[in-house]
Amino acid sequence: MKKKITSLVFAALLSVSLAGCGNSGSVITPDEYGYAEGKLGDTMRNSFFDYTVNSAYVCDTYGDYTPQSGYELLVADVSVKNVFGETITMFDNDFQVQWNSDAEDAFDSPVTFYLDEGTDLGDEVLPGEYDLAKNESRTGLLIFEVPAGERDFSISYMEYFEDDSTGDTFFVFFSAEKK
């Protein structure tokens, strides 16, 4: 029951947020409740790095990769910049996609998280794991499998600390056109 209520609250939040107004290109930091939301082009600033979802589209295939039946691919161009005082290790599953659905599983990790080692989606796709030196930036693609027909999404990040505690949560809301 708790999961169902959480899913309903998230779906309502997503619906309200997708309808909201805002300026693209802003630097967004969390509010007093540890929550931040932005749109395409906004820079989301957390304790470790800034991230910006620059653009996104939905397609049937990417390179040689085809999603499972009933799904399409969401391709998001993302920039990250290390704002921490030392080198940090980034993981593709630091980011998660959500879509507007009543289903409890209306979210997923990038496809690179699930692929067999050695599968190559090309140089533009952010790898499963990479290091970012202090002040270093990197731009690349995150690719997600999403239900066919979905067009409204968010890409999120939640801070995790070495003591297994969590921090602030960040969402970038957008609509993606079919390409």
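Which residue takes a positive phi in the hairpin of strand 11 and strand 12? I looked this up first, in what is a predicted model. The residue is Asp164, with phi near 70°. Five residues lie between the two strands of that hairpin.

**Entry: the open sheet**

I followed the hairpin into its sheet. Strand 11 and strand 12 run antiparallel and are joined by eight bridges. I checked one position across this pairing: Asp152 stands opposite Ser175 in strand 12.

On its other pairing, strand 11 meets strand 7 through four bridges, and these two also run antiparallel. Here I noted Val97, whose bridge partner in strand 11 is Ile155.

Strand 12 is also joined to strand 2, by five bridges, and this pair runs parallel. Tyr35 has Thr169 of strand 12 as its bridge partner.

I then wrote down the full order, which is 2-12-11-7-8 for the five strands of this open sheet, with mixed pairing. Strand 2 (35–39) and strand 8 (107–108) are the edges, each pairing on one side only. I looked at the two faces of strand 2: Ala36 and Gly38 make up the covered face, while Tyr35, Glu37 and Lys39 are on the uncovered one.

**Entry: aromatic pairs**

I went through the rings next. The count of aromatic pairs comes to twelve. I took Phe49 and Tyr51 as one of them: their ring centres are 6.2 Å apart and their planes stand at 50°. I entered this pair as tilted, because the angle is neither under 30 degrees, as stacked would need, nor over 60, as edge-to-face would need. Both Phe49 and Tyr51 are buried.

Phe95 and Tyr157 gave a centre distance of 6.2 Å and a plane angle of 50°, so I entered this pair as tilted too. I checked where these two residues sit. Phe95 is in the loop between strand 6 (88–91) and strand 7 (96–99), and Tyr157 is in strand 11 (residues 152–160), so the pair ties together parts that are 62 residues apart in sequence. Phe95 has a relative accessible area of 1% and is buried. Tyr157, at 6% relative accessibility, counts as buried as well.

I also noted that Phe49, Tyr51, Phe95, Tyr157 and Phe170 form one aromatic cluster.

**Entry: charges over rings**

I found Arg138 with its charged end over the ring of Tyr130, 4.8 Å from the ring centre. Lys179 lies over the face of Tyr57, and there the distance to the ring centre is 4.3 Å.

**Entry: nonpolar cores**

Which residues of the largest nonpolar core touch the most other members? I listed Phe49, Tyr51, Leu74, Val80, Phe95, Phe153 and Phe174, out of 32 residues in that core. Several elements give two or more residues to this core, among them strand 5 (71–82), strand 9 (129–132), strand 10 (137–147) and strand 12 (166–175). Strand 4 provides the largest share, five residues.

I recorded a second, separate core of ten residues, including Tyr62, Val75, Leu121 and Val125. As background, nonpolar side chains in soluble globular proteins tend to be buried together.

**Entry: cross-check**

I compared the lists for shared names. Phe49, Tyr51 and Phe95 are members of the aromatic cluster, and they are also among the residues that touch the most other members of the largest core. Strand 11 supplies Tyr157 to the cluster and is one of the elements giving two or more residues to that core.

Methods:
Residues numbered from 1 in each chain as written. Predicted model: local features only at pLDDT ≥ 70, side-chain atom pairs only at ≥ 80, totals over all residues. Heavy atoms only, no water. Phe/Tyr/Trp six-rings, centres within 6.5 Å; stacked < 30°, edge-to-face > 60°. Buried < 20%, exposed > 50% of the residue type's maximum accessible area, 1.4 Å probe, protein only. Lys NZ or Arg CZ within 6 Å of the ring centre and 35° of its normal. Core = buried A, V, L, I, M, F, W, Y, C linked by side-chain atoms within 4.5 Å. Pairing = 2+ DSSP bridges.
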